[in-house]
Amino acid sequence: MTDAILRVQDIRKSFDGNGVLQGVSLDIREGEVVVIVGPSGCGKSTLLRCINGLEAIDSGEIWLRDEKISGQTKNLHLVRQKIGMVFQSYDLFPHMKVMDNLLLGPTKALNRPRQEAEAEALEMLDRVGLKEKAYVFPRTLSGGQKQRVALVRAMLMKPEILLLDEITAALDPEMVSEVLNVVIDLANSGMTMAIVTHEMRFAEAVADRVVFIEDGLIVEEAPPEVFFHAPSTERAQRFLQSFTYTSRRRP
Amino acid sequence: MQGLGINILFKGINFQRLLGGLWVTLRLALITIGLSCVFGFLFSLLTLSKNRWAKAVSRLWLEIVRFMPQLVLLYIVYFGFARLFGWDVDGETSAVIVFTFWGTAEMGDLIRGSLTSIPRHQTESAAALGLTQGQIYLHVLIPQTLRRLTPQAINLCTRIIKTTALVKMINVTEVLKVGQQIIGQFYRQPDAAFWVYFVIFLLYFLVCWPISALSRMLEKRWA
């Protein structure tokens, strides 16, 4: 596949002799939304962290377009400017107002003029329904609002690809959809994304391709309509079954 | 000689003498606090270092400071070093050495604690924005460290100011010593001691209270 913008080739990563990723290869095309699912501890979050250089890989290679990004240490920050990432715990900077959170990357990392970036930030905030929150401190926001701000903060860097690591896992159920709708909007606007999530319905709605990982290996890769309704591997079937319940009141 | 003992404070230059003593106290405290901030920062680097020996040295230093009474340290430096090494250090210099030795370890430990209490995710999300290590410290870690540090650091500063009263034991004429001299001159005035010490109490209060009020204000603003 030559049109892949991100190529992960046979990467391995272990923590204290514990093989978390045991040879994972994955290509992501421009504009594609890849959802990564799997049981807890299967290595899916580690995969995203390795792509962004937050964890160094033990072997294998990661390429972003024509640039090999794994094994770099010196210019890691330049690589990360092209790869956005949003985490489970939102992690807005608590000592800065929403706008300063949004502008830190564009003005300091990209050296863009503040006024221009601010206008763009307001426009993006408006798109996620948070324009009136631009000049408040993060502590006054709900979890769902914080996570939408975190998404805008990542998007303002105009990344080539966006990595979302269980971004709704820490949210109250009623706030999950307001965040995931923003992600679906981003997907519709052509943003390339790799998403780790436990929200299976969302995964089915947003994914172009689902990747199922277990024990540090890709077990199954399929379009969502196939994966969620007719998974070919027994392990994927077992995993999906853990999301369904049988009623105890059977006739 | 009847009358209020408080009047003796307004006789001659007694009150000015007390203020002079207070200035000695404050000068000592300010020099100590300033040096403790600078060296405390370096101390925190020592505690955060991956080097085993650097860690061990900082650990030992902190333990000594925690368990050794400041007065004993003052005597060791003022009397002990003079005999042992033939150093002729005056009282004020000894006091600066001892209090800085103490303040450095405590300030350093506070800085370490504040810095390491910031969740790792703050660093990671700043890194994910493509900021350099230096920018992460400048814009994300240091501002948050200062906010966490301020209440504790101010508490340490007021403790340092109060502890300087010990230096009268090594012949430094600070505010308390001046007070005792005044009381000595007016030994026939029975309530002189009460009023002089009461005024000294007020002077300490007037110095420490605004500092801690400032700290409370900052805490509120940053909450």
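# Briefing: a predicted model of chains A and B

Strands E9(A) and E10(A) form a hairpin with 2 residues between them, and A:Asp215 in the turn has a positive phi of about 50 degrees. The structure described here is a predicted model. Chain A comprises 9 helices and 10 strands, whereas chain B has 8 helices and 0 strands. The points below treat the surroundings of the hairpin, then each chain as a whole, then helix H7 of chain B, and lastly the contact between the chains.

**Strand E9 of chain A and its partners**

- Strand E9(A) covers residues 209-214, and 5 of its 6 residues are buried, so the strand is largely enclosed by the rest of the structure.
- Within the hairpin, E9(A) is joined by 5 bridges to strand E10(A), residues 217-222, and the two run antiparallel.
- In this antiparallel pairing, A:Phe212 stands opposite A:Glu220 of E10(A).
- E9(A) is also joined to strand E3(A), residues 33-37, in this case by 4 bridges and with the two strands running parallel.
- In the parallel pairing, A:Val35 is the residue that stands opposite A:Val210 of E9(A).
- In a regular strand, side chains alternate between the two faces of the sheet.

**Overall form of chain A**

- Chain A has a radius of gyration of 19 Å; a compact globule with 251 residues would have a value near 18 Å, so the two agree.
- The C-alpha trace of chain A spans about 60 × 50 × 35 Å along its principal axes.
- Buried residues account for 44% of the 251 residues of chain A.
- If the contacts in chain A between residues at least 6 apart in sequence are taken, 66% of them join residues at least 24 apart.

**Overall form of chain B**

- Read from the N terminus, the elements of chain B follow the order α-α-α-α-α-α-α-α.
- The radius of gyration of chain B is 22 Å, whereas a compact globule of 223 residues would have one near 17 Å.
- Along the principal axes of chain B, the C-alpha trace spans about 80 × 50 × 25 Å.
- Of the 223 residues in chain B, 34% are buried.
- For chain B, 78% of the contacts between residues at least 6 apart in sequence join residues at least 24 apart.

**Helix H7 of chain B**

- Helix H7(B) covers residues 175-185, and its buried residues are B:Val175, B:Leu176, B:Val178, B:Gly179 and B:Ile182.
- Viewed down the axis of H7(B), these buried residues fall within an arc of 160 degrees, so they line one face of the helix.
- The packing partners of the buried residues of H7(B) are helix H1 (14-48) and helix H8 (192-222) of chain B.

**Contact between chains A and B**

- The contact draws 18 residues from chain A and 16 residues from chain B.
- On the side of chain A that touches chain B, the elements giving two or more residues are helix H2 (76-80), strand E6 (83-86) and helix H3 (98-109) of chain A.
- Helix H3(A) gives the most to this side, with 4 residues.
- Sorted by class, the side of chain A that touches chain B has 8 nonpolar, 7 polar and 3 charged residues.

Conventions: Residues numbered from 1 in each chain as written. Chains lettered and ligands numbered in written order. Predicted model: local features only at pLDDT ≥ 70, side-chain atom pairs only at ≥ 80, totals over all residues. Contact = placed C-beta atoms within 7 Å. Nonpolar A, V, L, I, M, F, W, Y, C, P; charged D, E, K, R; others polar. Buried ≥ 20, exposed ≤ 12 C-beta atoms within 10 Å, placed from the backbone. Pairing = 2+ DSSP bridges. Rg over C-alpha atoms; globule rule 2.2 N^0.38 Å. Arc of directions from axis to C-beta.
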